[in-house]
Amino acid sequence: MKKFYTDTRVLYADTDAMGVVYHGRYIVWFELGRTEFLREIGFPYTELEKLPFWLPVTVTHCEYKSPGRYDDLLEIATWPSKLTFATVQMSYEIRRKETGGLLVTGYTEHAITDDKLRPIRAKKVCPEAWEATMDIIRANEAE
């Protein structure tokens, strides 16, 4: 499966009173993975927004498997898992890099809109991003 990887380290500020990563922090790391995925395929958010091509989050799903702790080096795996004319779903796995231990899995769903939050057809507004994303989805489905 073609996945895109981003590393981050757990800061003290990322933990809660129990000494583990605060549950909401994983959603921020999903965004980090998604942002770096777009940059890696050649479509950073800053460029997409100029079209305008926005990706507001409509659904967030996160399953917690094992707690992360202060100073863990994490690896965020990100990949597009579904694309329709006006929505995209991104999937994620966050692992402890040193051991490969799975901390969370999840996905986010995004509407594809203009800067007024009106749905747009991604294939018409940015066909290059559409094709790059579809190529990854097709390759992953073929495995």
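Phe4 is buried in this predicted model. Its relative accessibility is 7%, and buried means under 20%. Phe37 also counts as buried, at 1% relative accessibility. The two residues form an aromatic pair. Their ring centres lie 4.9 Å apart. Their planes meet at 75 degrees, so the pair is edge-to-face. Phe4 belongs to strand S1 and Phe37 to helix H1. The pair thus links distant parts of the chain, 33 residues apart.

A second pair joins Phe30 and Tyr92. Here the rings are stacked, with 4.2 Å from centre to centre and 5 degrees between the planes. Phe30 lies in helix H1 and Tyr92 in strand S4, so this pair ties together parts that are 62 residues apart in sequence. Both Phe30 and Tyr92 are buried. In total, a search of the whole structure finds six aromatic pairs. Ring pairs also link Tyr26, Trp29 and Tyr64 into a cluster.

The strands named above belong to a sheet. Five strands form this open sheet, with antiparallel pairing. Their order is S1-S3-S4-S5-S2. Strand S1 (4-9) and strand S2 (57-64) stand at the edges. Each has a single partner strand, so one side of each is left without a neighbour in the sheet. Neighbouring strands are turned by 20 degrees against each other on average, direction ignored.

The partner of S1 is strand S3, which spans residues 73-83. S1 and S3 pair over six bridges, in the antiparallel sense. Within this pairing, Asp7 has Glu75 of S3 as its bridge partner.

Two helices pack on the sheet. Helix H1 covers residues 25-40. H1 touches S1, S2, S3, strand S4 (87-96) and strand S5 (102-111). The direction of H1 makes about 65 degrees with that of S5. Helix H4 covers residues 127-142 and touches S1 and S3. The direction of H4 makes about 100 degrees with that of S3.

Charged side chains also meet aromatic rings. The charged end of Lys3 sits over the ring of Trp79, at 4.6 Å from the ring centre. The charged end of Arg121 sits over the ring of Phe85, also at 4.6 Å from the centre.

Definitions and conventions:
Residues are numbered from 1 along each chain as its sequence is written. This is a predicted model: local features need pLDDT of at least 70, side-chain atom pairs count only at pLDDT 80 or more; totals for chains, interfaces and linings use all residues. Side-chain values use heavy atoms; hydrogens and water are left out. Two strands pair if DSSP finds at least two bridges between them. Helices (H or I, at least four residues) and strands (E, at least two) are DSSP runs, numbered from the N terminus. Axes are lines fitted to C-alpha atoms, for helices over the stretch in contact, and angles run from 0 to 180 degrees between N-to-C directions. Contact means heavy atoms within 4.5 Å. Rings of Phe, Tyr and Trp (its six-membered ring) pair if their centres lie within 6.5 Å; planes under 30 degrees apart count as stacked, over 60 as edge-to-face and the rest as tilted. Buried means under 20% relative accessible area, exposed over 50%, partly exposed in between (1.4 Å probe, protein chains only). A charge sits over a ring if NZ of Lys or CZ of Arg is within 6 Å of the ring centre and within 35 degrees of the ring normal.
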